[in-house]
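Hi,

Here is the structure I promised to pass on, with my notes below it. Have a look at the model first, then read on.

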Amino acid sequence: MAVDHQPAESHTVSPYLCVDGAAAAIDFYTDVFDATETYRVSAPDGKLGHAEVKIGDSPVMLSDEYPEMNVRGPKTIGGSPVTLTVFVPDVDATFAKALAAGATELRPVEDQFYGDRAGQIEDPFGHRWSIHTHIEDVSPEEIDRRAAAMFGEG
């Protein structure tokens, strides 16, 4: 019997985070983003070799650092150029929960010209998250108009 190229519970693209402290990161994501842990493989040394959580309908995979295999987290390599975007029912409450749980504010929560209320944090493990609540449906033309006005072009 042939199997599909992608497991049914997966998305076409899913993030895989390397974390110094993967078990603590799972606790943070569970507390802040209401993640559900779906899978965990512990290594004999107590590290997590692989784990999976689900945030809303999206799977996020993660593991501890394994420098000997060139698997390093953002704090070890001096930061990350990647930002994960997560949509939540109440950005203000989630943002406050993240800060209380040890995240660092990178951008405060504000209404955005493209129709979301959003802010950005760095979690205690060095990963950046842009936290959003969609508050207004905005046409592409209106987004262009608002962007031009915001950047002084209109």
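The largest nonpolar core has 28 residues, and the members that touch the most others are Tyr-29, Leu-62, Trp-129 and Ile-131. Keep in mind that this is a predicted model. Quite a few elements feed that core: strand 1 (16-19), helix 1 (22-33), strand 3 (48-55), strand 4 (58-64), strand 5 (83-87), helix 3 (91-100) and strand 8 (128-134) each put in at least two residues. Helix 1 gives the largest share, with seven residues. As a general point, nonpolar side chains in soluble globular proteins tend to be buried together.

If you want one residue to centre your view on, try Leu-62. Leaving out anything up to four places away in sequence, Leu-62 touches Tyr-16, Leu-17, Val-19, Ala-22, Ala-25, Ile-26, His-50, Ala-51 and Val-53.

Now for the acids on the inside. Asp-64 sits in strand 4, and Asp-64 is buried without a salt bridge. The nearest side chain of opposite charge is that of Lys-47, 6.5 Å away. So what does the side chain of Asp-64 reach? One partner is the backbone nitrogen of Leu-48, at 2.7 Å. Another is the backbone nitrogen of Gly-21, which lies 3.1 Å from a polar atom of the Asp-64 side chain. Beyond its neighbours within four places in sequence, Asp-64 is in contact with Cys-18, Val-19, Asp-20, Gly-21, Ala-22, Lys-47, Leu-48 and Val-71.

Glu-65 is in the loop between strand 4 and helix 2. Glu-65 is also buried and has no salt bridge, and its nearest side chain of opposite charge, Arg-72, is 6.5 Å away. Its side chain reaches the backbone nitrogen of Gly-73 at 2.7 Å. Not counting residues up to four places away in sequence, Glu-65 touches Cys-18, Val-19, Asp-20, Lys-47, Val-71, Arg-72, Gly-73 and Thr-76.

Glu-68 is in the loop between strand 4 and helix 2 (74-77) as well. Buried or exposed? Glu-68 counts as exposed, at 62% relative accessibility. To get a feel for where that loop residue is, take Phe-33: Glu-68 and Phe-33 are 35 residues apart in sequence, and their C-alpha atoms are 31 Å apart in space.

On to the charged pairs. How many salt bridges does the structure hold? There are six. In one of them Asp-92 pairs with Arg-117, with 2.9 Å between the closest N and O atoms. Asp-92 belongs to helix 3 and Arg-117 to strand 7 (residues 116-122), so this pair ties together parts that are 25 residues apart in sequence. Asp-92 is partly exposed at 35% relative accessibility, and Arg-117 is partly exposed too, with a relative accessible area of 23%. Arg-117 also forms a salt bridge with Asp-111, where the closest N and O atoms are 2.9 Å apart. Asp-111 counts as exposed, at 52% relative accessibility.

Helix 4 (residues 140-150) has a pair of its own: Arg-145 and Glu-142 both lie there, three residues apart, about one turn of the helix. They form a salt bridge in which the closest N and O atoms are 2.5 Å apart. Arg-145 is partly exposed with a relative accessible area of 48%, and Glu-142 is partly exposed at 22% relative accessibility. These two belong to a network of salt bridges that links Glu-136, Glu-142, Arg-145 and Arg-146.

Last, a closer look at helix 3. Val-91, Thr-94, Phe-95 and Ala-98 are its buried residues to look at. They span an arc of only 100° around the axis, so they are on the same side of helix 3. The general rule fits in here: an α-helix has 3.6 residues a turn, so residues three or four places apart point the same way. What covers the buried residues of helix 3? The cover includes helix 1, strand 6 (104-111), strand 7 and strand 8. At the start of helix 3, a side-chain oxygen of Asp-90 comes within 3.2 Å of the backbone nitrogen of Asp-92. After helix 3 comes Gly-102, with a positive phi near 110°.

Cheers

Conventions. Residues are numbered from 1 along each chain as its sequence is written. This is a predicted model: local features need pLDDT of at least 70, side-chain atom pairs count only at pLDDT 80 or more; totals for chains, interfaces and linings use all residues. Side-chain values use heavy atoms; hydrogens and water are left out. A nonpolar core is a set of buried Ala, Val, Leu, Ile, Met, Phe, Trp, Tyr and Cys residues joined through side-chain atoms within 4.5 Å. Buried means under 20% relative accessible area, exposed over 50%, partly exposed in between (1.4 Å probe, protein chains only). Helices (H or I, at least four residues) and strands (E, at least two) are DSSP runs, numbered from the N terminus. Contact means heavy atoms within 4.5 Å. Lys and Arg count as positive and Asp and Glu as negative; His and the chain ends are not counted. A salt bridge is a side-chain nitrogen of Lys or Arg within 4 Å of a carboxyl oxygen of Asp or Glu. A polar contact is a pair of N or O atoms within 3.5 Å; within protein, one must be able to donate a hydrogen and the other to accept it, and residues adjacent in sequence count only if both atoms are side-chain atoms. The arc is that of the directions from the helix axis to the C-beta atoms.
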